[in-house]
Amino acid sequence: MFTMKAFAVFLFLVTVSAHPLVIDVSSREPSPSPVPAPAAAPRQVPGSQAPLNSAQLNSTTGLHTLQDLYQGNQNFRQGARLQAAKVLDEAPSFMFLGCVDNRLSPSTIFNAPAGSIITHNNIANQYSSKDPSADAAVAYAIESLHVQHIIVLGHYGCKGVETAIAKSDKSSRLVRNWVKPISDLYSSSRRQEIVVLRDARKPRRGQDQGVKTAPPASDPGFRALVEENVKRGVKELRKHSILTKAYARGVRTDKNEIVDVFVHGFVYDEATGDVHDLNVSFGPPGKPIPNVPFQALKAAKNFHRDASSGSITSGKVWDFGSGK
């Protein structure tokens, strides 16, 4: 009885349905796994600049467009600005002469609070009294801000120093002229590692033009030239900057407090994050140099050649210490 009623209901549904019931009893393959949707592209604000290439789209910094800068400023306003506002009335103690190629600012390297240091950057952290911008920056830091330490901060792998070594035609005349003092230093230096690098790049059989490619950042000669360039900057500050006059008359604050200004040479290692002291610090005559806790590099060794010497290996090695 039950079976006859169930069959009648089934027959009724098939008859009145607008779509015939189709029963597929053939075997089926398993359904493929769903394909994940592609990652959404970064949100673009209408009219904003697009990232330069796919490498920028996948970069870890995420800071390539003006919209990125705007968003960063919004984040800054919500946090770090309040911290920076606290030090606006405080005189900074440190001024850094740094390099525009160094991707990490002194504030980042030394984990300094926002607004607590001042910087002046150029290609390869050079100082010259013939550069009115650098000279004015140093004068302002001493006379108006009363900094206590001026630090020439170099970094291994510096592209400015690399350009001075390679002397590539790809660099503009302006850039080559700017790094010429470093090129001259490279050509004349007697420091052991630099002499070895220089001789290895000279023309020879099979390489009439010599080596034109840039050395790797890890090359001892390249690293040595970065250090010697920092030392040269410290030496220029000692001999030709406003510091000479400042030491003679004394630097005083508005409250007539004496400010002792010391100059140091540091180099930053991008591979390790370490900062090294080049042991060339100086300060006001008769004043002891404050303790520098950063690890000091060993004294450089220079090659001394006889006039008739045609090979660097026949010369003598002299230890010239810190070069003070």
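This dialogue looks at one helix, α7, and at how it packs against its surroundings.

Reader: Before we start, what kind of model is this?

Author: This is a predicted model, in which local features need pLDDT of at least 70 and side-chain atom pairs count only at pLDDT 80 or more, while totals for chains, interfaces and linings use all residues. Residues are numbered from 1 along each chain as its sequence is written, and side-chain values use heavy atoms, with hydrogens and water left out.

Reader: Is helix α7 largely enclosed or open?

Author: A residue is called buried when its relative accessible area is under 20% (1.4 Å probe, protein chains only). In helix α7, which spans residues 159-166, seven of the eight residues are buried, so the helix is largely enclosed by the rest of the structure; among them are V161, A164 and I165.

Reader: Which helices do the buried residues of α7 pack against?

Author: They pack against α8 (173-178), α9 (180-188), α10 (192-200) and α11 (220-240), where contact means heavy atoms within 4.5 Å.

Reader: How should I describe the way α7 and α9 meet?

Author: Two packed helices are described by the angle between their axes and the distance between the axes. Here the axes of α7 and α9 come within 8 Å and cross at roughly 60°. That makes α7 oblique to α9, since angles under 35 degrees count as roughly parallel, over 145 as roughly antiparallel, 65 to 115 as roughly perpendicular and the rest as oblique.

Reader: Which residues of α7 and α9 meet?

Author: V161, A164 and I165 in α7 meet I182, S183 and Y186 in α9, and the residues of this contact divide into five nonpolar, one polar and no charged.

Note on methods:
Buried means under 20% relative accessible area, exposed over 50%, partly exposed in between (1.4 Å probe, protein chains only). Helices (H or I, at least four residues) and strands (E, at least two) are DSSP runs, numbered from the N terminus. Axes are lines fitted to C-alpha atoms, for helices over the stretch in contact, and angles run from 0 to 180 degrees between N-to-C directions. Ala, Val, Leu, Ile, Met, Phe, Trp, Tyr, Cys and Pro count as nonpolar, Asp, Glu, Lys and Arg as charged, and the others, Gly among them, as polar.
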